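Visitor: Hey, got a minute to walk me through this one? I'd like to start with charges and rings.
Guide: Sure, let me pull it up.

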Amino acid sequence: MTTAPQPDHADRTDFANADRGLIDKLEPCVVRNESGRVVWDNDQWGFLDGDCPPTVHPNLWRQGQLNARQGLFEIMPGVYQVRGLDASNMTFVEGDSGVVVIDPLTGKEVAAAGLELYRRNRGDRPVRAVIYSHSHGDHFGGVLGVTTTKAVEAGECKIVAPEGFMHHAVSENVFAGPAMHRRAVYMYGRTLPLGPEAQVGFGLAQGLATGTLGLVPPTDDITATGQELVLDGVRFVFQLTPDTEAPSEMNLYLPERRVLLIAENANHTLHNVLTLRGALVRDAHAWASYLTESIRLYEDADVLIGSHNWPTWGRDEVLRVLTEQRDAYAYLHDQTVRLMNRGLTGPEIAEEIQSFPGELGRAWSVRGYYGSISHNVKAVYQRYMGWYDGNPAHLWQHPPVGQAERYVAAIGGPDATVTKAQEAADAGDLRWAAELLNHVLFAEPGHENARALQIETYTRLGHTQENGTWRNIYLTGAMELREAGEERSRTGVRRKNSTDMLAALSTGQVFEAMAIRLDGPRAAAHRLLLRWEFTDTGEVWTLLLGNGVLTPMAGDAPRGEAPQLTLRLRRTVLDQVLSEDTTFADAVRSGSLSLDGDTSVLATFHGLLEEPTRDFPIVLP
């Protein structure tokens, strides 16, 4: 078997770049919200200053050391970055009278702390514009920490974003949000303790700040590559890159300074073609093509900065990093499709492609700290071929518990299966041990020997991973088995909907979100027609419930059918009800909601909507 190429640990270029230009630090690097709760603590990663222990992959330890650097950094005169106050970076571009802020982090509190750190070193410059590079929350959620809605409405601050930003910024969480958030607990290791035995970061960054998420709609949309804006006297040139790392994303270039901000399209890690928390599969072919376009458009760039990680200086080095990133996604795409057309399935292709070849395999920038070759290959296959691999035996399989019961019985019962798993673990085949033990735990969740051995197996698997998200997933699984995590976490505080985010949804999106909460089997016994008149927006919507389906329709009911109930309210009142700041009954009592018709229809309708299960079990049935 050919040995996979490895990067050079003696190469300290990344460390020099990560430290270059440091002006000031936030000491202590702890940010709190108005009530005093800690929303970010970068100092907790101090253990990474030591030598790598045997419980962490050396490459992942190195990545954590680099990502944990924090402070205000000068990229070049007039361009600065705050790093280490969140998962993402916040960039400041100084203009004639103020400053342009790019990607204002996840929450208001960390963004405000970053702005204060910048201002205490560069003066109290007003924010003249905010640029969102793409539609993920860690790049816009802190906007109200650097500007205000009032300032934007008064024309004192512009908000610039790529075409389609508002739709995609809110829509990803509308349908699958609860399931994604639960899986994100595993992916990001959110409940794991920090330290060499457990959480050491997730490769792209160390952690995600909590705090107050906000969203101010764009005043200026970027709709074409090559479009230019002059913001506070500074010329920005934009490149649209839709359906790459995000469905709405763009790079931006400062031609007078020769600085290219590559958004999240190129990073100092391999990214995800399909993130393990769940999402639509991304287009690796388009991703590589847009990076080719970036190389050609901005060949005179002297500095490369991103929404994550550290900068790269020097024209040749910029070209090298962009080429490595481009070639990584192109290789994953092209070789997966080649093997797919030879008849291999996703898991088979992942075994075939375990590393990049030659110099690409030795490049630090495409190591699998965040995305992995294995799960990215399977994602490319899924994008083209879907879940079914073509084998008739896999077309109509039993669900996990049914499979587990049958496998365990066929092997000779739970105890015999655990014995087989122990033999596999002792032989070093941890993947097979984990699969056998998973069958036992899904067939007999209370089997203590299976649980204990699975905890040990997941822990051993986690400690060997170069990929930070794989490590977190294995170790979170072990933790939840050890602490009966599902039962414990289900008693936690249920996440409320954000009023700011709800306000950003169109009314149609709000009603579509209601439709996926409808309990279809119970609703099938009803036929309801509700008319909604919004007095602040002038909108009229009709909701038809029939056959267990909720159908939102803009305007009147078809064929002039009379509604059973008409509701008159401001759209903001609906947002307040959905964010649980009020109820329909309280809104009626306060006069902010009026009802005309059969008022029992509202109670019936609302009673058919199901609350998502926010903390469903994963490692047990």
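Guide: One term to begin with: a charge sits over a ring if NZ of Lys or CZ of Arg is within 6 Å of the ring centre and within 35 degrees of the ring normal. Also keep in mind that this is a predicted model.

Visitor: Okay, so which ring does Arg83 lie over?
Guide: Arg83 sits over the face of Phe73, 3.8 Å from the ring centre.

Visitor: And Arg62, what's under that one?
Guide: That's Trp364: Arg62 lies over its face, at 3.6 Å from the ring centre.

Visitor: Switching to ring-ring stuff. How many aromatic pairs turn up in the whole structure?
Guide: The search finds 20 aromatic pairs. Take Tyr132 and Phe165: their ring centres are 4.7 Å apart and the planes make an angle of 25 degrees, so this pair counts as stacked, the cut-off being under 30 degrees.

Visitor: Where in the chain do Tyr132 and Phe165 come from?
Guide: From distant parts, 33 residues apart. Tyr132 is in the loop between strand 8 (127-131) and helix 4 (149-153), while Phe165 belongs to helix 5 (residues 165-187).

Visitor: Is Tyr132 buried or exposed?
Guide: Buried, with a relative accessible area of 0%. Phe165 is at 1% relative accessibility, so it counts as buried too, the limit being under 20%.

Visitor: What about Phe236 and Phe238, how are their rings arranged?
Guide: They're a stacked aromatic pair, with 6.4 Å centre to centre and 15 degrees between the planes. Both residues are buried.

Visitor: Which residues make up the aromatic cluster with Trp532?
Guide: Phe511, Trp532, Phe534, Trp541 and Phe584 form that one cluster.

Visitor: Back to the strands. Why is strand 12 described as largely enclosed?
Guide: Strand 12 covers residues 234-240, and six of its seven residues are buried, so the rest of the structure largely encloses it.

Visitor: What does strand 11 do next to it, parallel or antiparallel?
Guide: Antiparallel: strand 11 (residues 228-231) is joined to strand 12 by four bridges. Leu229 stands opposite Phe236 there.

Visitor: What's the connection between strand 11 and strand 12 like?
Guide: It's a hairpin with two residues between the strands. In the turn, Asp232 has a positive phi of about 50 degrees.

Visitor: And how does strand 12 pair with strand 13?
Guide: In the antiparallel sense, over four bridges, with strand 13 spanning residues 250-254.

Visitor: Which residue is the bridge partner of Leu240 in strand 13?
Guide: That's Met250.

Technical notes
Residues are numbered from 1 along each chain as its sequence is written. This is a predicted model: local features need pLDDT of at least 70, side-chain atom pairs count only at pLDDT 80 or more; totals for chains, interfaces and linings use all residues. Side-chain values use heavy atoms; hydrogens and water are left out. Buried means under 20% relative accessible area, exposed over 50%, partly exposed in between (1.4 Å probe, protein chains only). Two strands pair if DSSP finds at least two bridges between them. Rings of Phe, Tyr and Trp (its six-membered ring) pair if their centres lie within 6.5 Å; planes under 30 degrees apart count as stacked, over 60 as edge-to-face and the rest as tilted.
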